[in-house]
Amino acid sequence: MPVYRFALALTNDLADADDVAQEAFIRLWRSRATIDWSAPPIGWLLVTARRVAFDRFRRIARELRLRPAPAVPPGLDASTIERFVDLRGQLAALTSVERAAVLLPAAEGWSTDEIGSALGISAGAVRAAASRARAKLEVDRA
C-alpha cells in the first residue's frame, strides 16, 4: 500500500498510480535474484516507482508537445482550468525530492524521517527540500 500511495502522490491520478505501483512490483519480481532480501524492499520499490512515474511523465510531456492546445469545454471556467494547470506545472517543475517532501506529509501524513528513509536521504535533506519547494511555489504565486 505505501508504494501505491507514493505513486498516487507523484502522479495525482488513480489509474496512473495503479500502473506505476504494478510496474514497480513487476520489476521487483524480475529482479528478485539480484535484490538484497536481508532488508525490506520498500526503499527499492519506492525508488523504482519514482523512476517509472518519471518515465511516464517524460513520455506524456513528449506527446503533449506534439498536440495542439485543447479548447476550454463549455460551462467550465477558464480561470479554474488555468489555476489547476498552473499548480500541476509548478509541482512538475519541482525536483522529485522537493515534490515528495511537500506532497507526502500533506497527502499521507509521512514524517520527514519516513520520507528520508524512503528516498535514501536524511531527514534534514527532506526538510531542506520542503523549504526549497515552498519557496519556489511562493515565488510562482506572487
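Four helices, α1 (2-11), α3 (42-66), α4 (78-93) and α5 (96-108), each supply at least two residues of the lining of the largest pocket. Helices here are DSSP runs of H or I with at least four residues, numbered from the N terminus. This is a predicted model, in which local features need pLDDT of at least 70 and side-chain atom pairs count only at pLDDT 80 or more, while totals for chains, interfaces and linings use all residues. Residues are numbered from 1 along each chain as its sequence is written, and side-chain values use heavy atoms, with hydrogens and water left out.

The largest pocket holds about 920 Å³ of space. Of the 27 residues lining the largest pocket, L10, T11, F57, R88 and A92 are the closest to its centre. Helix α3 gives the most to this lining, with eight residues. By type, the lining divides into 16 nonpolar, three polar and eight charged residues. A pocket is an open set of points on a 1 Å grid over the protein atoms alone, where a 1.4 Å probe fits, with protein on both sides within 12 Å along at least five of seven lines; lining residues have an atom within 4 Å of a point. The volume is the space filled by probe spheres set on the points. Asp, Glu, Lys and Arg count as charged, Ala, Val, Leu, Ile, Met, Phe, Trp, Tyr, Cys and Pro as nonpolar, and the others, Gly among them, as polar.

Now to the charged pairs. The structure holds eight salt bridges, each a side-chain nitrogen of Lys or Arg within 4 Å of a carboxyl oxygen of Asp or Glu. The table gives three of them, with the distance between N and O.

| Salt bridge | N to O distance |
|---|---|
| D19 and R56 | 3.5 Å |
| D55 and R58 | 2.4 Å |
| E98 and K136 | 2.9 Å |

D19 in helix α2 and R56 in helix α3 are 37 residues apart, so their salt bridge links distant parts of the chain. R56 is buried, with a relative accessible area of 16%, whereas D19 is partly exposed at 37%. Buried means under 20% relative accessible area and exposed over 50%, with partly exposed in between (1.4 Å probe, protein chains only).

D55 and R58 are three residues apart in helix α3, which means that about one helical turn separates them. Both are partly exposed, D55 at 37% relative accessible area and R58 at 48%.

E98 is buried, with a relative accessible area of 2%, and its partner K136 is partly exposed at 35%.
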